[in-house]
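Visitor: I'd like to know how the labels people put on a model like this one are earned. Please take me through them one at a time.

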Amino acid sequence: MPDEEAQKEKLEEILHPDDQAKAFKITLVFPHHTGPDYEKAVGLARRSPTYKAEGEGEFVTHQATYTPDEVEELFELFNLVHHWPETEVLVNHKRLPYGHQLWLPLMWFYRIR
């Protein structure tokens, strides 16, 4: 679960403090959905090396984490799941305010090349 990953990162920060900024990562977490884009969204998420699924059937939750180098994959997946009410956007595995409205659009700057 995202909280477990955040706890691991916090422990790592305590044990090995670093004066360098951490890599900016966005994690999309989305549940089972009955819409037509669900299977495609799961397929895209599974292509991520960080893909995780918890639960089964209608109670499954999918998550995939993306770095700025993977912004196109993130963009494609987000466009499929952004309107689902249960979709969460985590920043560096943490729930932060304005994930959809602020943090995710910051990632879109990496699409400009």
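Guide: Let's start with a pair of side chains: Arg111 and Glu72 meet in a salt bridge, at 3.1 Å from N to O.

Visitor: What makes the meeting of Arg111 and Glu72 a salt bridge?

Guide: The label asks for a side-chain nitrogen of Lys or Arg within 4 Å of a carboxyl oxygen of Asp or Glu. Here an Arg faces a Glu at 3.1 Å, so the pair passes. Arg111 sits in the segment after α4 and Glu72 in helix α3, so this bridge ties together parts that are 39 residues apart in sequence.

A quick word on where this comes from: the model is predicted, so local features need pLDDT of at least 70 and side-chain atom pairs count only at pLDDT 80 or more, while totals for chains, interfaces and linings use all residues. Residues are numbered from 1 along each chain as its sequence is written, and side-chain values use heavy atoms, with hydrogens and water left out.

Visitor: How many salt bridges does a search of the whole structure find?

Guide: Two. In the other, the side chains of Arg95 and Glu88 meet at 2.6 Å, N to O.

Visitor: Are Arg111 and Glu72 buried, exposed or partly exposed, and how do you know?

Guide: Buried means under 20% relative accessible area, exposed means over 50%, and partly exposed is in between (1.4 Å probe, protein chains only). Arg111 has 32%, so it is partly exposed. Glu72, at 36%, counts as partly exposed too. In the other bridge, Arg95 comes out at 42% and is partly exposed, and Glu88 has 25%, which also makes it partly exposed.

Visitor: What are the helices and strands you keep naming, and how many has the chain?

Guide: They are DSSP runs numbered from the N terminus: helices are H or I with at least four residues, strands are E with at least two. This chain has four helices and four strands, in the pattern α-β-α-β-β-α-β-α along the sequence.

Visitor: Why are α3 and α4 called oblique?

Guide: Helix α3 (residues 71-81) and helix α4 (residues 99-108) pack at about 140°, with their axes 10 Å apart. Axes are lines fitted to C-alpha atoms, for helices over the stretch in contact, and angles run from 0 to 180 degrees between N-to-C directions. Under 35 degrees is roughly parallel, over 145 roughly antiparallel, 65 to 115 roughly perpendicular, and the rest oblique. An angle of about 140° fits none of the named ranges, so oblique it is.

Visitor: Which residues make that contact?

Guide: Contact means heavy atoms within 4.5 Å. From α3 come Val71, Leu74, Phe75 and Phe78, and from α4 come His100, Leu104, Met107 and Trp108. By class that is seven nonpolar, one polar and no charged residues. (Nonpolar: Ala, Val, Leu, Ile, Met, Phe, Trp, Tyr, Cys and Pro; charged: Asp, Glu, Lys and Arg; polar: the others, Gly among them.)

Visitor: How do you know where the buried residues of α4 lie around its axis?

Guide: The buried residues in α4 are Gly99, Leu104 and Met107. They cover an arc of only 50° around the axis, so they are on the same side of α4. That arc is taken from the directions from the helix axis to the C-beta atoms. They pack against β1 (26-31), β3 (61-66), α3 and β4 (88-91).

Visitor: And what makes you say that α2 has sides?

Guide: In α2, Tyr38, Ala41, Val42, Leu44 and Ala45 are buried. Their arc is only 160°, which puts them on the same side of α2. Glu39 and Arg46, on the other side of α2, are exposed. The cover over the buried residues includes β1, β3 and α3.

Visitor: What makes Asn92 and Tyr98 worth a stop?

Guide: Most residues other than glycine have a negative phi, and most peptide bonds are trans. Asn92 has a positive phi near 50°, and Tyr98 has one of about 65° although it is not a glycine. Asn92 lies in the loop between β4 and α4, and Tyr98 is found in the loop between β4 and α4 as well. At 17%, Asn92 falls under the cut-off and so counts as buried, whereas Tyr98, at 59%, is over the upper one and so is exposed.
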